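Got the viewer open? Let's take a walk through this one, a stop at a time.

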Amino acid sequence: MKTVILFSHSYQTGSNTNKAILEVLKTAGNVEIRNLEELYPDGKIDVATEQAALVDADTVVFQHPVFWFSMPPLLKRWMDEVLQYGFAYGTGGDKLHGKKFIHSFTTGTAAEKMTPELLEVMTASIRTSAVFCGMDYQGTVHSFGQLPQTNPNQEADGRNHAQRLLERLARLA
């Protein structure tokens, strides 16, 4: 089973949690990490390359921090440009049908502030997009409270997050 991980983070150098997540994921077999900010620092996305990576994958993962209850801007742009009519939906748009999808994310917001209702609203657009594209939504892997100002355990939390994601991926195989 091949997994493609779409990673996006506008402030990668300051994210201890997401750095740790990526370090662990890089050691996993059959995982391709596509770091959007590294691949497209100018914001010009190679749509054909990104679509080919999706077609080649059995499972798609979005890994990102949540910014103001949404995704980083480059991930949104990626969705706008890559998940096109005729590819991801609409007439002939069946290229993602049946692929597994996991939404993996971190937040600065503490766990006690993340009510089930807030989590539902915050993840709705990505969940709905995955289902609209015919993917099999497999839920979330998330870590709350990942602000460096309030969490001295970000690296350990990131490694734990990555392990939980890898365990979820292994159950899908």
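Start by selecting Phe7, which lies in strand β1. Keep in mind as you look around that this is a predicted model. Is Phe7 buried or exposed? With a relative accessible area of 1%, Phe7 is buried. Now show what surrounds it: leaving out residues up to four places away in sequence, Phe7 touches Gln12, Asn18, Leu22, Ile33, Arg34, Asn35, Leu36, Glu37 and Gln63. Pick Gln63 from that list. Phe7 and Gln63 are 56 residues apart along the chain, yet their C-alpha atoms are separated by 4.8 Å.

Next, widen the selection to the whole of β1, residues 3-7. Five of its five residues are buried. In a regular strand, side chains alternate between the two faces of the sheet. Here you can look at each face in turn: Thr3, Ile5 and Phe7 sit on one side, Val4 and Leu6 on the other, and all of them are buried.

Add β2 to the view. β1 and β2 pair in the parallel sense over five bridges. To see one of the pairings, click on Ile5, whose bridge partner in β2 is Ile33.

Now bring up the rest of the sheet. In what order do the five strands come? The order is β2-β1-β3-β4-β5, in an open sheet with parallel pairing. Look at the two edges: β2 (31-35) and β5 (136-143) each have a single partner strand, so one side of each is left without a neighbour in the sheet. Going from one strand to the next, the twist averages 20°.

Zoom in on β3 (residues 59-65) and β4 (residues 100-106), which run parallel and are joined by seven bridges. One bridge to pick out takes Pro65 to its partner Thr106 in β4. With the sheet still on screen, select helix α5, residues 116-132. This helix packs on the sheet, touching β3, β4 and β5, and its direction makes about 150° with that of β4.

Make a short stop at Thr107, in the loop between β4 and α5. Thr107 counts as buried, at 5% relative accessibility. Which residues is Thr107 in contact with, apart from its neighbours within four places in sequence? They are Val66, Met122, Ser143, Phe144, Gly145 and Gln146.

On to a pair of helices. Select α3 (residues 47-56) and α4 (residues 73-82): their axes come within 10 Å and cross at roughly 90°. That makes α3 roughly perpendicular to α4. Show the side chains where they meet: Val47, Glu50, Gln51 and Leu54 from α3, and Trp78, Glu81 and Val82 from α4. By type, the residues of this contact divide into four nonpolar, one polar and two charged.

Stay with α3 and colour its buried residues, Val47, Glu50, Gln51, Ala53 and Leu54. Look down the axis of α3 and you'll find these buried residues within an arc of 155°, so they line one face of the helix. What covers them includes β1, β2, α2, β3 and α4.

Finish by doing the same with α4, where the buried residues are Leu74, Leu75, Trp78, Met79 and Val82. Down the axis of α4, the buried residues fall within an arc of 145°, so they too line one face of their helix. Light up their packing partners to close the tour: β1, α2 (36-39), α3, β3 and α5.

Technical notes: Residues numbered from 1 in each chain as written. Predicted model: local features only at pLDDT ≥ 70, side-chain atom pairs only at ≥ 80, totals over all residues. Heavy atoms only, no water. Pairing = 2+ DSSP bridges. Helix = DSSP H or I, 4+ residues; strand = E, 2+ residues; numbered from the N terminus. Axes fitted to C-alpha atoms, helices over the stretch in contact; angles between N-to-C directions. Contact = heavy atoms within 4.5 Å. Parallel < 35°, antiparallel > 145°, perpendicular 65-115°, else oblique. Nonpolar A, V, L, I, M, F, W, Y, C, P; charged D, E, K, R; others polar. Buried < 20%, exposed > 50% of the residue type's maximum accessible area, 1.4 Å probe, protein only. Arc of directions from axis to C-beta.
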